[in-house]
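Biologist: I would like to learn how to read a structure one feature at a time, beginning with a single side chain and working outwards. Could you take me through it?

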Amino acid sequence: LVSNNPRLTFAEFVPEYLKIVKARLSPSTYEYYKRALNNYVIPLIGHLKLTAIRPVHIQNFVNAMSNKPTAVHKDKQGNTKEQKKISASTVRRYLTIVQSVLNQAVKLDLIQSSPAKSEKLTIPKMQTPKIDIFTKQETAEMLTYLEKEPLQYQVLIQLAIMTGARRGELVALKFSDFDYTNNKVTIERSAYKLKGKPIQIKPPKDYETRIISINQYCLDLIEMLKAEKHKEALRLGDQWKGDEWLFTQWNGEIMNPMTPTKWFS
């Protein structure tokens, strides 16, 4: 653990902070925090001593991020035409991470109070996004087209509609999770994929294991999918790496959680 060193900088404290929060953050959130701290936060305020950080420093960070371009568009002559800036919601996410680091420093008695409290800062306003929701007619049309798609995608979308489960939770379903007598499914795991690493399994968000009722039509599709996977496993023999996953790659290995998103669009 870091000592109560008055010369300790923000950057020097970050590795200790990450060790502390790793157990309570999901793997993907942890990687996001780590990347944001290393790429955006530390370059701007990492050199400051924890005890010397004041609201003005955090405000300067917020201002710098608000004006930071994410993409530069140029015309055919190479002249800068447009600079797209980081969104207000992204700036707020980065600020939340800074606040989390400094709150942890308060808990450890490294500083007396956080200089990053929202009431002391002027934070960019977020625009409420317009959310497009399928009408009943659009939903019916989508489901009609769905019938022409591969069976495992038919099952995935039907389960998404019936259960409201998250993408990673759907991808991590096994045939043994279904109660075929009482028309229920148990959601007790979630799949995730970090860059450069294999697909991994974790508990659902907030350890929210739950049992959900589904209709007979959905269960009939799942029975058909089970028969299809069994047939494919027999055809591939030793090449089949399945483990009762509903949604798979060609060889029975669990589907990448990003695949449904790319396919659905």
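**From one contact to a sheet and a helix**

Modeller: Let us start with a polar contact, in which the side chain of Glu169 meets the side chain of Arg210 at 2.6 Å; please keep in mind that this is a predicted model.

Biologist: Is Glu169 buried or exposed, and in which helix does Glu169 lie?

Modeller: Glu169 belongs to helix H7, which covers residues 167–171. Since buried means under 20% relative accessible area, Glu169 counts as buried because its relative accessibility is 1%. Setting aside neighbours within four places in sequence, the residues in contact with Glu169 are Ile187, Arg189, Ser190, Pro204, Lys205 and Arg210.

Biologist: Which residue stands opposite Arg210, and how should I read strand pairing in general?

Modeller: Strands of a sheet pair through backbone hydrogen bonds, and they do so either parallel or antiparallel. Here Arg210 of E7 has Ile187 standing opposite, and E4 pairs with strand E7 (residues 210–213) in the antiparallel sense over 4 bridges. Another facing pair is Thr186 with Ile211 in E7.

Biologist: In what order do the strands of the open sheet run, and which are the edge strands?

Modeller: The order is E3-E4-E7, with 3 strands in antiparallel pairing. E3 and E7 are the edge strands, each pairing on one side only. Strand E3 (residues 178–179) pairs with E4 over 2 bridges, and Phe178 stands opposite Val185 in E4. E3 and E4 form a hairpin with 4 residues between them, and in its turn Asn183 has a positive phi of about 55 degrees.

Biologist: Which residues of E4 make up its covered face, and which its uncovered one?

Modeller: In a regular strand the side chains alternate between the two faces of the sheet. In E4 (residues 184–187), Val185 and Ile187 form the covered face, whereas Lys184 and Thr186 form the uncovered one. As for helices around these strands, helix H6 (residues 151–163) lies across E3, E4 and E7, running at about 105 degrees to E7.

Biologist: Turning to another helix, where does H2 bend, and what do its buried residues pack against?

Modeller: One way to read a helix is to compare its reach with the expected span: H2 (residues 27–45) has 19 residues and reaches 25 Å from its first C-alpha to its last, close to the 27 Å expected. H2 bends by about 45 degrees at Leu37, and Leu37 is one of the buried residues of H2, which also include Tyr30, Tyr33 and Val41. The buried residues of H2 pack against helices H1 (10–21), H3 (55–66) and H4 (88–107).

Technical notes. Residues numbered from 1 in each chain as written. Predicted model: local features only at pLDDT ≥ 70, side-chain atom pairs only at ≥ 80, totals over all residues. Heavy atoms only, no water. Buried < 20%, exposed > 50% of the residue type's maximum accessible area, 1.4 Å probe, protein only. Pairing = 2+ DSSP bridges. Polar contact = N/O pair within 3.5 Å; in protein donor to acceptor, adjacent residues only side chain to side chain. Contact = heavy atoms within 4.5 Å. Axes fitted to C-alpha atoms, helices over the stretch in contact; angles between N-to-C directions. Expected span 1.5 Å × (residues − 1). Bend = angle between axes of the 7 residues up to and from the residue.
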